[in-house]
Amino acid sequence: MKMTKHSDWRMDDVRAIIQELKHKPGALLPVLHAIQDYIGYLPDSIVPVVAKEMLLTRAEVHGVISFYHHFRSHKTGRHVVEICRAEACQSVGARALEKHAKATLGIDFEQTTSCGSVTLEPVYCLGNCATGPSVRIDDSIYGRVSEDRFDELMADCRDTMQEAG
Amino acid sequence: MTTRIFVPRDTTAISLGADLIATLIQAEAASRGLDIEIVRNGTRGLFWLEPLIEVETSEGRIGFGPVTESDVSALFNEHFYHGNQTHPSCLGLVEEIPYLKKQQRLTFARSGITDPVSLADYKAHDGYKGLENALNLSGQQIVDEVKTSGLRGRGGAAFPTGIKWQTVLDASGEQKYIVCNADEGDSGTFADRLVMECDPFMLIEGMTIAGLAVNANQGYIYLRSEYPIAFDIMNQAIASAYENGYLGKDILGSGRQFDLEVRLGAGAYICGEETSLLDSLEGKRGLVRAKPPLPAIVGLFGKPTVVNNVLSLAAIPYILHHGGEAYAEYGIGRSRGTMPIQLAGNVKYGGLVELAFGIPLNELMNDFGGGTRSGRPLKAVQVGGPLGAYLPESQWDTLIDYEGFSAEKAVLGHGGVVMFDDTVDMGEQARFAMEFCTFESCGKCTPCRIGSTRGVEVIDRIRAGENQDKNWELLEDLCDTMVDGSLCAMGGMTPFPVQSVMKFFPDELRSARQE
Ligand SMILES: Cc1cc2nc3c(=O)[nH]c(=O)nc-3n(C[C@H](O)[C@H](O)[C@H](O)COP(=O)(O)O)c2cc1C
Ligand code: SF4
Ligand code: FES
Ligand code: FES
């Protein structure tokens, strides 16, 4: 995956990312995407750096980060698990899957399991609407996710965490 | 001779295990010393059959699906790679599968047939013929061809594409832009995704022709971040188009320039609305702009801009290759050409069905869709995404046609058809429509921002049996206020699904189901 370990990131790398992209017209979203891909989230400490390098106010940068659901200001678990809550998935049991996920992981949306392996998030359609319920784990999308299948996928998330140390 | 085996690489096929199947086939072939080549094609859009693998034979391509992990060695034992049809998953010749054969695929003609990132494949299947013609035409002639086709925007509002292009062509200014709206936020839709994952050069060609037509030398594809595979495939195709002179400073030696870049959205439904999208592309929060001015006149960075949906732009290569009249021969009334319908939700045979406008909705849901996946009776259908009405049985004979849907106070939108069986709680669906608006409102106007929050509360009270008649009236008023007082269709259409539940399923809204 693209994600690095959250604690290892360096502000110099963030500056380099900004330098590389800031010449683009309307560069703020590409810059924020690149930083989030690198760190895994958008820590508050990058806001003044982005603002200064891009000649924006902190309020402007903060406003953009908070407007978009995809941008996160908080550290996530090792895997981000998104459950589709939109209508086509609702029609094939997404509401029950959401309940099951929250109950078995012991967390609500926007929370991380205590072991640090999984952050649960809602998503509104993954374009996989003929084969729902759909779930995205990091950059992989899964279809027809039954409760059993979900449990298997979560077991994999925990395993890869252990392998990673 | 090398046998070619096709394993799709679109999101749905992969979500059902296609990558693993491809790996297993490769390994099995290697261990048996067989000479095969795996091609990662796009999907045919017959999703209940995915992963659908195909073997090339002298008679045509033989399909097998859905193929599971445990089928792979049996397939080899039965010599599927010679086109042997004995394995139980065999579907025969793919082109003869009725679901596919009955379609009229103009836009999706290549989907599933070609390797999406192979420019050679694209060209071998009529690719870039439209651009070659366009390079010999004036901007006005291209726009006229699009007008003749009768093409109307496939993103939702159904505005005539040729007229939009004319406005941008006529606008003065050195710098103009082509923006492709690939935000595809509607639940139940995936046709844009399929274009980008299965035939990305078609979109590049369509945008390049648009650039030639209105004199724009820069294009952006605004792609939702929920589509990582589309992002990857689109970028590969763009790189290849640059390398081969189909994008850049001097397109095919014509001296004309067109540059193209994919930009990722960041999970905001409202950024599918074209002015919000433009603000987002400019690096801002995606707030809706008041219209006028139209984006065609004051668009991206204040310049004249064509904003079109993926499917609108993807229809252009066909129109410039075969002529606007050939496209207009399909369809009925003022809905010309074909519509890629997406059968989704609780459907047995879900997938992409491209047909000329004019087919009845129930024919799609039953003859193609085969009814519900659960096997239970169909109860309601939401067409046109989260802002579309829920249609009860009495409306299922509506024809797929923009005017036909408007007459029923429904919308065809982007062509998503989401089916629900009789276990659905329509009161809960009405509540969700309002709830979705609370999440996704851009916040600029009160009827939408506050109204949707009130809407959730009032629906909760009705469902809890509190003061039902009074709250029912309140909900009616609230819906009217949102319809009349919202700046854009987010707030303005959120009441549509709610009102349809109030009208056709009132009892379900009044009596919330006990858990
Ligand atoms: C809330 C809202 C969401 C929209 N989402 C999309 C979308 O995801 N994709 C799209 O093409 N158009 C969407 N539209 C319609 C666009 O505003 C615009 O009409 C369209 O991009 C124009 O392209 P077309 O003429 O080719 O359809 C949306 C509109 C609204 C009000
Ligand atoms: S209706 Fe809603 S989404 Fe549209 S401009 Fe108003 S607040 Fe924004
Ligand atoms: S509604 Fe869940 S993937 Fe589209
Ligand atoms: S975009 Fe504002 S009224 Fe619809």
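Ala, Val, Leu, Ile, Met, Phe, Trp, Tyr, Cys and Pro are counted here as nonpolar, Asp, Glu, Lys and Arg as charged, and the others, Gly among them, as polar. On this division, the lining of the largest cavity in the structure, which is a predicted model, comprises 8 nonpolar, 4 polar and 1 charged residues. This cavity is one of 3 in the structure with a volume of 30 Å³ or more, and it holds about 80 Å³ of space. Of the 13 residues that line the largest cavity, Val288(B), Cys442(B), Cys445(B), Cys448(B) and Cys488(B) lie nearest its centre.

The second largest cavity encloses about 40 Å³. Its lining draws on both chains: Gly26(A), Leu29(A) and Pro30(A) are found there together with Tyr222(B), Arg263(B), Leu264(B), Ser280(B) and Leu281(B). At least two lining residues come from each of α2 of chain A, β8 of chain B and α12 of chain B. By class, 5 residues of this lining are nonpolar, 2 are polar and 1 is charged.

Helix α2 of chain A, which contributes to the second largest cavity, comprises residues 28–39. At 1.5 Å a residue, its 12 residues should span 16 Å, and the 16 Å separation of its end C-alpha atoms therefore agrees with expectation. The helix is mostly covered, with 10 of its 12 residues buried. The buried set consists of Leu28(A), Leu29(A), Pro30(A), Val31(A), Leu32(A), His33(A), Ile35(A), Gln36(A), Tyr38(A) and Ile39(A). Within chain A, the elements covering these residues include α1 (11–21), α3 (46–53) and α4 (58–67). Chain B also takes part in this cover, through elements including β8 (259–264) and α12 (274–281). Leu29(A) and Pro30(A) are thus among the buried residues of α2(A) and also line the second largest cavity. Just after the helix, Gly40(A) adopts a positive phi of about 105°.

The secondary structure of chain A amounts to 7 helices and 5 strands, arranged along the sequence in the pattern α-α-α-α-β-α-α-β-β-β-β-α. Its C-alpha atoms occupy a box of roughly 50 × 35 × 20 Å along the principal axes. Of the 165 residues in chain A, 55% are buried. Among its contacts with a sequence separation of 6 or more, 63% involve residues 24 or more positions apart.

Chain B contains 23 helices and 16 strands. The C-alpha atoms of this chain fill a box of roughly 75 × 60 × 40 Å, again taken along the principal axes. For 515 residues, a compact globule would have a radius of gyration near 24 Å, and the value of 24 Å for chain B agrees. Buried residues account for 62% of the 515 residues. Of the contacts in chain B between residues at least 6 apart in sequence, 71% join residues at least 24 apart.

In chain B, the loop between β8 and α12 contains Gly272(B). With a relative accessible area of 25%, Gly272(B) is classed as partly exposed, because this class lies between the limits of 20% for buried and 50% for exposed residues. Apart from residues up to four places away in sequence, Gly272(B) touches Asn181(B) and Asp183(B). Gly272(B) is separated from Tyr318(B) by 46 residues in sequence and by 25 Å in space, C-alpha to C-alpha.

Terms used:
Residues numbered from 1 in each chain as written. Chains lettered and ligands numbered in written order. Predicted model: local features only at pLDDT ≥ 70, side-chain atom pairs only at ≥ 80, totals over all residues. Heavy atoms only, no water. Helix = DSSP H or I, 4+ residues; strand = E, 2+ residues; numbered from the N terminus. Expected span 1.5 Å × (residues − 1). Buried < 20%, exposed > 50% of the residue type's maximum accessible area, 1.4 Å probe, protein only. Contact = heavy atoms within 4.5 Å. 1 Å grid on protein atoms, 1.4 Å probe; cavity = no way out; pocket = protein on both sides within 12 Å on 5 of 7 lines; lining within 4 Å. Points joined across faces, edges and corners; volume = space filled by probe spheres on them. Rg over C-alpha atoms; globule rule 2.2 N^0.38 Å.
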